[in-house]
Amino acid sequence: MVARAFHISVRQLHRLFEDEEETVGQEIRARRIQRCAEELRNPYHHRERISDTAARWGIADASKFSRQFRSTYGVSPRDYRLDHHIC
């Protein structure tokens, strides 16, 4: 979808990331996790289920999301939300 949006081939897209530390897929995943963290801190979203937040950002598997989130932030999404006094 990213390559199509920029009217380039998938190969060209991957080539753009050759000199970067992360692949295009890793960058997309990192940004999705980051956006989820932003929403978990946002009082507007405090009543939402964490799995709904993850799904909105393209992460449908709740356990996979939890593992990725913990790997990035060092805590579970639930604890992250609690640490930011949103619950």
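A residue is called exposed when its relative accessible area is over 50% and buried when that area is under 20%, with partly exposed in between. By this reading Arg78 is exposed, because its relative accessibility is 53%. The structure described here is a predicted model, and the same vocabulary of exposure is a handy guide to its helices and charged pairs.

Helix 3 is a good place to start. This helix covers residues 24-41 and has 18 residues. From its first C-alpha to its last, helix 3 reaches 26 Å, close to the 26 Å expected at 1.5 Å a residue. Its buried residues are Val24, Ile33, Cys36, Ala37, Glu39 and Leu40. These buried residues pack against four helices, namely helix 2 (10-16), helix 4, helix 5 and helix 6 (77-83).

The pairing of helix 3 with helix 5 can be described in some detail. Helix 5 comprises residues 62-73, and its axis comes within 10 Å of the axis of helix 3. The two axes cross at roughly 85°; angles of 65 to 115 degrees count as roughly perpendicular, and helix 3 and helix 5 are therefore roughly perpendicular to each other. On the helix 3 side, the contact is made by Arg29, Ile33, Gln34, Cys36, Ala37 and Leu40. Their counterparts in helix 5 are Phe65, Gln68, Phe69, Thr72 and Tyr73. Sorted by class, this contact has 7 nonpolar, 3 polar and 1 charged residues. Ile33, Cys36, Ala37 and Leu40 thus appear both in this contact and among the buried residues of helix 3.

Helix 4 (residues 50-56) brings Thr53 into the picture. Thr53 counts as buried, because its relative accessibility is 1%. Neighbours within four places in sequence aside, Thr53 is in contact with Cys36, Glu39 and Glu48. Two of these partners, Cys36 and Glu39, are themselves listed among the buried residues of helix 3.

Turning to charged pairs, the structure holds 6 salt bridges. One of them joins the side chains of Arg31 and Glu27, with an N to O distance of 2.6 Å. Both residues lie in helix 3, 4 residues apart, which is about one turn of the helix. Arg31 is exposed, with a relative accessible area of 52%, whereas Glu27 counts as partly exposed at 22%.

A salt bridge also links Asp52 with Arg49, the closest N and O atoms being 3.1 Å apart. Here Arg49 counts as exposed at 54% relative accessibility, while Asp52 is partly exposed with a relative accessible area of 34%. In a further salt bridge, Arg78 pairs with Asp79, and their closest N and O atoms are 3.5 Å apart. Asp79 counts as partly exposed, at 30% relative accessibility. Shared partners also join Glu39, Glu48 and Arg56 into one network of salt bridges. Glu39 and Glu48 have already been met as contacts of Thr53.

Helix 6 offers one last arginine to consider. Arg81 is found in this helix and is buried, with a relative accessible area of 6%. The C-alpha atoms of Arg81 and Arg70 are separated by 12 Å, the two residues being 11 residues apart along the chain.

Technical notes. Residues numbered from 1 in each chain as written. Predicted model: local features only at pLDDT ≥ 70, side-chain atom pairs only at ≥ 80, totals over all residues. Heavy atoms only, no water. Helix = DSSP H or I, 4+ residues; strand = E, 2+ residues; numbered from the N terminus. Buried < 20%, exposed > 50% of the residue type's maximum accessible area, 1.4 Å probe, protein only. Contact = heavy atoms within 4.5 Å. Axes fitted to C-alpha atoms, helices over the stretch in contact; angles between N-to-C directions. Parallel < 35°, antiparallel > 145°, perpendicular 65-115°, else oblique. Nonpolar A, V, L, I, M, F, W, Y, C, P; charged D, E, K, R; others polar. Salt bridge = Lys/Arg side-chain N within 4 Å of Asp/Glu carboxyl O. Expected span 1.5 Å × (residues − 1).
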